[in-house]
Amino acid sequence: MSAQQTNADVAVVGLGRVGLPLALSFADRGLKVIGVDNDPLRLDAVAQGRMPFQETGAQELLDRVRSNGALTLTAGVGMAAAARSIVITLGTPSFSHIEIDMRDIRSALDDLLPVLGAGHSLVLRSTIAPGTTEFVAGYLAKHRGLRIGEEVFVSHAPERIAAGRFLAEIDTLPCIIGGVGPRSGEAAAELFGVFDAPIVQTTPVQAELAKIWANILRYTNFALPNLLMMDCERYDANVFEVIDLINRDYPRGGIARPGFTAGTCLRKDFAFSEERSNAPGMLLAVSRVNESVPLFLLEGAKRRLGSLADRRVAVLGLAFKADTDDERDSLAHKLIRLLERELADVVVHDPHVATPTAGLGEALDGAELVVVAANHAEFRDPATLAAIAERAAGDCLVVDPWDCWGAALLFGYASELRELAGASPPTQPGAPR
Ligand SMILES: NC(=O)c1ccc[n+]([C@@H]2O[C@H](COP(=O)([O-])OP(=O)(O)OC[C@H]3O[C@@H](n4cnc5c(N)ncnc54)[C@H](O)[C@@H]3O)[C@@H](O)[C@H]2O)c1
C-alpha cells in the first residue's frame, strides 16, 4: 500500500515498555495510531484497557486513549504500512557472541518490504549498533530498489527516556534524529514534532553512538563504585566512608554508590560498541565488574557465616531498578541462582514484580541472611529494617550494597544496622541502575 492510500498517521511496531507509552502518547496528541505487536496477550491487555507493565501515568493515558478511539491494534506488521510513519520499537538484545541480535528487526523489515511505498517514513526507535540505520536503508534499497531519503525515508530517533519517566520526559528530553539521505530527518522531525521536546538533527551513526554511549557511560559510572566496594572488602575498609571522603565538598565530580547494575539496556548496550571496538576489553572489564557483584556479595556472606547450605536466605527485590516491576536481566536472578548453587534455601520478596514472590514477613521468617537486591522505596523504609530485626533468625546478617538505611554497613548484623541507621549520609535513590 502506498502512503497515498494510508489512513493512519503513525504505526508503532512493538508495544513494549518503549513502544506502548509512545503509541499512547502519539494518540493522546491527536494522531491516528496503529499499534502492532505479535504477542496476543499484550494486544488483549491493551484492548481491555489494562497496562501490561508499570509506567507512571500510563494507565490514565491508556484510559484516555481508549475513549478517544485513536489507537487501532493489530498483530500484523504489514498492517503498519497503512500509516505514513512507521516507528520500530522492537527489542534488540545482544547475542552471547558480543553482537547485536537483530532478528526481530529483520523479521519486521521482511514483513514491511512488500508493502512499503513512496512517502513512507521508517523510524528506528530501538537501540541499535552503529551502522544499523544505514543497513536498514541499504536493505530496503537492495530488495525494493527504493530511493532512500527521496521517496522512502529512514531514520534513527533513539529512545533515551528512563523507565517510569516516560510521560515526564517525552516533552523535555531532546529528541535526537539521524536521517539517511536528504529528507529522512525532516520526515521524522515532523512526526516527533507533536511533542514539545527540542529536536536535534544529526547523522544516523552519530545518533546511534550517542544513545549507546549514554548507556555505556552509566554502566561504567556504576562499575567504579562496585569495584571500589570489592577493593574495600580486600583492605577491610568501609566503602560508604571512602565514598563520603571522595565526594565531600570535592568540586571535581563525584562517585556514585555501589549496587546491582544491570537491566535490559545497560547490560547489553555496551556490546553494540564492543562488537567492533578497536580497544577490545575495556568495556568487557566494566561488564565483568558489574556482573560479579552478586558473587562478590555471596562470598562476603560466606566469609562471615560459613557455608550457606540449608540456611534460609531472604532476597529482597527482583527488579533491576528501584520502584519498577522490570526484572529483565536483573542481577537479583543471578544472585538467586548462585545462592541455590550453595544449597541455600532462598525465599524472595518483591512488592512490584509480576513474578509471584513471598510476602515480606514470610521471606524474613527464620532468615539467617538477608540480601537487599533492589533499592525499592519500601525497603528503604525503616519499617523494613525493623521487620528484619523482628522476623529474621537471631542477629541475622544483612547485605545492603545500597545503604538503604544510612547505616553505612555493606555487611552488617541486624542489631548493628538498627543502631547505626541514619548515621551515614542519605542514600541516593536518584542514581538508579
Ligand atoms: N525499556 C527501556 O527502558 C528502554 C529504554 C531505552 C531504549 N530501549 C530500547 O528500546 C527497544 C525496545 O525495548 P522494550 O524494553 O520496549 O522491549 P520489549 O521487549 O518490552 O518490547 C518489544 C515488543 O515487541 C514485540 N515483538 C517482538 N517481535 C515482534 C514482531 N516480530 N512483530 C511485532 N511485535 C513484536 C514484543 O511482543 C514486545 O511487546 C530496545 O532496543 C531497547 O534496547 C528500551
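**Ligand site and nonpolar cores**

Me: Which residue has a backbone N or O atom 3.0 Å from an oxygen atom of the ligand?
Reply: The model is predicted, so local features need pLDDT of at least 70, side-chain atom pairs count only at pLDDT 80 or more, and totals for chains, interfaces and linings use all residues. Residues are numbered from 1 along each chain as its sequence is written, and side-chain values use heavy atoms, without hydrogens and water. The backbone atom at 3.0 Å from a ligand oxygen belongs to Arg17.

Me: How far is a polar side-chain atom of Lys268 from an oxygen atom of the ligand?
Reply: Lys268 is listed among the closest of the 24 residues that surround the ligand, where near means a heavy atom within 4 Å. Thr92 is in that list too, with a side-chain N or O atom 2.5 Å from a ligand oxygen. For the polar side-chain atom of Lys268, the distance to a ligand oxygen is 2.7 Å.

Me: What share of the ligand's accessible area does the protein cover?
Reply: Accessible areas come from the Shrake-Rupley method with a 1.4 Å probe. On its own the ligand has 830 Å². The protein covers 86%.

Me: Which helix gives the most to the largest nonpolar core?
Reply: A nonpolar core is a set of buried (under 20% relative accessible area, 1.4 Å probe, protein chains only) Ala, Val, Leu, Ile, Met, Phe, Trp, Tyr and Cys residues joined through side-chain atoms within 4.5 Å. The largest has 106 residues, with Leu369 among those with the most contacts inside it. Nine of the core's residues come from the helix that gives the most, H8 (residues 204–234), a DSSP run (H or I) of at least four residues, numbered from the N terminus. The name is H8.

Key
Polar contact = N/O pair within 3.5 Å; in protein donor to acceptor, adjacent residues only side chain to side chain. Buried < 20%, exposed > 50% of the residue type's maximum accessible area, 1.4 Å probe, protein only. Helix = DSSP H or I, 4+ residues; strand = E, 2+ residues; numbered from the N terminus.
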